Amino acid sequence: MTPPAQKNSAAMDAEVREKIHLEILKRTGAYQSNDHILLPSGHHSSEFIEKTLVTTEPSFTEGLGAVIAKHFAQWPVDVVLSTGPGALIVSHCVARAHPSRPILIYGTKGVSGGKRRVTLQAEFQRLIRPGTKVLLVEDLVSTGSTVRLLIELVEHLGGQVVGIGALWRRTKKAEIGGKPVFSLVSRDFPTYAPESCPICKKGVPLNEEFVRRRQGRKASKKEEP
Ligand SMILES: [Zn+2]
């Protein structure tokens with residue numbers, strides 16, 4: 001890590017802002033730290049982000065959406081495009097705060113022929129024409145696979161993706177699919193196999209709350225989208 005004295009003030013500002021955003025997400029209960037958490041993968045971690053809780057506080061979401069809109073304010077945007085309920089709530093806040101007054105549409109995630117897909121209903125497809133400038137908005141970006149599908153979809157219709165805005169990305173990559181990514185928090189956290197978990201070795205009890213909650217959700221749903 002670079003010592004603080006060598007960092008320029010812009011980098012320091014970004015760090016301070018990220019801390020503030022992290023604190024806001026912590027207040028929604030979406031971000032947990034200093035714990036010993038069982039992840040859905042079976043691995044253990046001291047931190048976890050539960051994306052379903054990220055958008056539960058409307059005033060927080062509005063504030064965070066406005067920060068994303070401000071970052072992309074210098075670029076004209078015709079359409080904000082997202083997928084999934086959480087991303088859609090953030091997208092609304094971003095579109096509302098962007099000076100271009102873009103329209104807001106959303107894709108539907110699904111699986112066909114064993115492959116993940118994102119589709120746009122016909123009414124929305126007509127709103128992306130050659131030259132349409134599109135801002136993609138996500139709540140949480142992990143591998144970027146959904147974002148890549150959205151980029152393909154927009155470019156197939158002749159539109160142009162100006163960037164990707166997200167609340168959180170679990171990668172430090174500055175680009176996905178050649179498009180700039182801006183997120184309020186860029187943070188991944190180490191995960192450990194149970195047999196080599198340093199938190200287990202300290203004897204800290206394992207918190208299974210998140211996995212239990214998810215299993216409850218899956219049991220009450222016919223299929224995972
Ligand atoms: Zn452990």
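In this predicted model, P130 touches L157 and G158, leaving out residues up to four places away in sequence. P130 itself sits in the loop between α4 (122–125) and β8. With a relative accessible area of 71%, over the 50% cut-off, P130 counts as exposed. The C-alpha atom of P130 is also separated by 8.6 Å from that of E155, although these positions lie 25 residues apart along the chain count. One of the partners of P130, G158, follows helix α5 and has a positive phi, near 95°.

Helix α5 is a good place to continue. The helix has 12 residues (145–156), and at 1.5 Å a residue it should span 16 Å; the C-alpha atoms at its ends are 17 Å apart, so the expectation and the model agree. Its buried residues are T146, V147, L149, L150, I151, L153 and V154. Two of these, L149 and L153, reappear below as members of a nonpolar core.

Helix α2 can be examined in the same manner. For its 14 residues (58–71), a rise of 1.5 Å a residue gives an expected span of 20 Å, and the end C-alpha atoms are indeed 20 Å apart, which agrees. F60, T61, L64, G65, I68 and A69 are the buried residues of α2. The cover over them includes two helices, α1 (9–27) and α3 (85–97), together with the strands β9 (160–169) and β11 (179–186).

T61 offers a close look at this packing. This residue belongs to helix α2, and its relative accessibility of 3%, under the 20% cut-off, means that T61 counts as buried. Apart from neighbours within four places in sequence, T61 is in contact with V54, T55, I89, V90 and C93. C93, in turn, counts as buried because its relative accessibility is 10%. As for cysteine pairing, the structure holds zero disulfides.

The packing can next be viewed across the whole chain. In soluble globular proteins, nonpolar side chains tend to be buried together. The largest nonpolar core here has 27 residues, and I49, I68, L135 and W168 are those with the most contacts inside it. At least two residues of this core come from each of α1, α2, α3, β8 (133–141), β9 and β11. Helix α2 makes the largest contribution, with four residues. Around I49, once neighbours within four places in sequence are set aside, the contacts are A30, Y31, V54, L140, W168 and F189. V54 is thus a contact of I49 and likewise of T61. A second core, separate from this one, has 21 residues, among them L81, L149, L153 and V181.

The model also contains a zinc ion, whose protein donors are H36 through NE2, H44 through ND1, and C197 and C200 through their SG atoms, at 2.1 to 2.4 Å. Along the chain, these donors follow the spacing H-x7-H-x152-C-x2-C. The angles subtended by the four donor atoms run from 96 to 119°; because all of them lie between 85 and 135 degrees, the arrangement is tetrahedral. The two cysteine donors can be set side by side for exposure. C197 has a relative accessibility of 1% and therefore counts as buried, whereas C200, with a relative accessible area of 33%, is partly exposed.

Two loop residues complete the picture. N34 is placed in the loop between β1 (31–32) and β2 (37–38), and R101 in the loop between α3 and β6 (103–112). The phi of N34 is near 50°, a positive value in a residue other than glycine. For R101, phi is likewise positive and near 50°, again in a residue other than glycine. N34 counts as exposed because its relative accessibility is 77%, and R101 counts as exposed because its value is 71%.

Definitions and conventions. Residues numbered from 1 in each chain as written. Predicted model: local features only at pLDDT ≥ 70, side-chain atom pairs only at ≥ 80, totals over all residues. Heavy atoms only, no water. Expected span 1.5 Å × (residues − 1). Buried < 20%, exposed > 50% of the residue type's maximum accessible area, 1.4 Å probe, protein only. Contact = heavy atoms within 4.5 Å. Donors = N, O, S within 2.8 Å, 3.2 Å for Na, K, Ca; no water. Tetrahedral: all angles 85-135°; square planar, octahedral: opposite > 155°, others 65-115°. Core = buried A, V, L, I, M, F, W, Y, C linked by side-chain atoms within 4.5 Å. Disulfide = S-S within 2.5 Å.
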